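Reader: I've got a structure on my screen and I'd like to learn how to read it. Could you walk me through it?

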Number of protein chains: 2
Amino acid sequence: MGDKEISSAVIGRLPRYYRYLGELREQGVVRISSQELSEQMKVTASQIRQDFNNFGGFGQQGYGYNVEYLYEEIGKILGLTKKYRMIIVGAGHLGQALANHTGFESRGFILKGIFDINPKLDQMTIRGIPIQMTEKLPEFIKEQGVDIAGITTPSEAAREIATQLYQYGVRGFWNFANTDLHLPEDAVVENMHLAESLMRLSYSLYNNFYHKKLDENPFLEVMKK
Amino acid sequence: MGDKEISSAVIGRLPRYYRYLGELREQGVVRISSQELSEQMKVTASQIRQDFNNFGGFGQQGYGYNVEYLYEEIGKILGLTKKYRMIIVGAGHLGQALANHTGFESRGFILKGIFDINPKLDQMTIRGIPIQMTEKLPEFIKEQGVDIAGITTPSEAAREIATQLYQYGVRGFWNFANTDLHLPEDAVVENMHLAESLMRLSYSLYNNFYHKKLDENPFLEVMKK
């Protein structure tokens, strides 16, 4: 990879390549051409070749790509050779759902702790991991080291708790709260704003379907019922 | 809005504007300049003006924007004047967490039904809404009309169930399954790929922190413990 700057658009697409290659690998596919991969992923073959050229190309075009090799190389680029110690702060419904999700662990994201301010949850466990009170966070982070904090608190609490976590040394934030975290530049924040995602959906539905006249769109007959 | 095509990048930013304006509105702020909004949102003022010019500008620059008016207009563009009938298919941890989330309802996304294949969940309720078996879906959609289906099934099941829902008339898909739905072009799909989001996070953490030498980065001392 060297020191070349890779655009965030390319980086943003890598996890999707990784997912498709993982599926192909499970199906026992050994080689795949950029053309075949293009058809499955519904992106152009030239896009795929361009994206991969950022990382040296990953193999000879004439022969297609070696699936296993490509999967492993993209995994390395994504930093998946490392294990990440994760905590979840906010043990409400969403926090509990994330904590119950074992699929992340197989990718190297290891849930080490779950935290909340509600004393009723104290010492409840999820997959054997006890829910602890947030005042234990400084000590926990100092002792265990935490790479990623999933923030699933109400939005009012999210900024403050994230700032505290940053001060304790956490740099990775997986933010599900309906607010932006205001953190120093070296914090890495990945936002999962559920409400915003729903609004992009309503925008497209509204403008593709409900904005048009009824007779242009038989689908609306169903929807109007 | 007329017939002008608005870029998806602009659309993608509208929910965030809407969120900030909602917060300002709750704080009782009546007017805000693009400069002030720019500082709060950490985007440039010229970006804000450019984005808003796609929709006629929303008011006079010298006087700043009327917060209430801007909030309402962006809400209209996002289709939030309409109510959307939503179902959730897949009543596992994540599906239940989404079903318990009342914040969406206040924006007009009304949960009408929850579906699963697990008979143990049959007739359990979440917020008074019974979990029904998926074989009830065709009748339910025909009778009630469904605008949006949240897909929280395992990835193996997601494509098939989405294809069925499309056939029954659903056009909006909020996809949490770790796979791409393969649907006809007029389906609107908003993906929330949790695993991909985590990988973007690991990419940045790995390349910003763990890839560097220890002595360049005092933070790693904490992380190594």
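Reader: How far apart are the end C-alpha atoms of helix H1 of chain A, and what should its 19 residues span?

Author: Before we start, this is a predicted model: local features need pLDDT of at least 70, side-chain atom pairs count only at pLDDT 80 or more, while totals for chains, interfaces and linings use all residues. Residues are numbered from 1 along each chain as its sequence is written, chains are lettered from A and ligands numbered from 1 in the order in which they are written, and side-chain values use heavy atoms, with hydrogens and water left out. Now, helices (H or I, at least four residues) and strands (E, at least two) are DSSP runs, numbered from the N terminus. The expected span of a helix is 1.5 Å times one less than its number of residues. For H1(A), residues 8–26, that gives 27 Å, and the end C-alpha atoms are 28 Å apart, which agrees.

Reader: Which residues of H1(A) are buried?

Author: Buried means under 20% relative accessible area, exposed over 50%, and partly exposed in between (1.4 Å probe, protein chains only). An α-helix has 3.6 residues a turn, so residues three or four places apart point the same way. In H1(A) the buried ones include Val10(A), Ile11(A), Leu14(A), Tyr18(A) and Leu21(A).

Reader: What covers the buried residues of H1(A)?

Author: Both chains help out. From chain A the cover includes strand E1 (31–32) and helices H2 (34–41), H3 (45–53) and H4 (67–77), and from chain B it includes helices H8 (155–168) and H9 (194–210). After H1(A) comes Gly28(A), with a positive phi near 80°.

Reader: How is chain B laid on chain A?

Author: Two copies of a chain are related by a rotation about an axis and a shift along it. Here a turn of 180° with a shift of 0.0 Å along the axis lays chain B on chain A, at an RMSD of 0.0 Å. That is the relation of a two-fold axis. The superposition is by least squares on the C-alpha atoms of residues with pLDDT of at least 70 in both copies.

Reader: How many residues does the contact take from each chain, and what area do the chains bury between them?

Author: Contact means heavy atoms within 4.5 Å; 76 residues come from chain B and 76 residues from chain A. Buried area is the accessible area (1.4 Å probe) that two parts lose on being put together, summed over both. The chains bury about 6,500 Å² between them, 66% of it on carbon and sulfur atoms. Leu198(B), Met199(B) and Tyr203(B) supply 11% of the area that chain B buries against chain A, more than any other three residues. Since 100% of the interface residues of chain B are also interface residues in chain A, the copies meet through the same surface.

Reader: What does Ser197(A) contact, leaving aside its neighbours within four places in sequence?

Author: Its partners are Trp174(B), Glu190(B) and Met192(B). Ser197(A) sits in helix H9 (residues 194–210) of chain A, and at 0% relative accessibility it counts as buried.

Reader: Which residue other than glycine has a positive phi near 50°?

Author: Most residues other than glycine have a negative phi, and most peptide bonds are trans. Arg127(B) has that positive value near 50°. Arg127(B) lies in the loop between strands E5 (125–126) and E6 (129–133) of chain B, and at 36% relative accessibility it counts as partly exposed. Gln123(A), also not a glycine, has a positive phi of about 75°.
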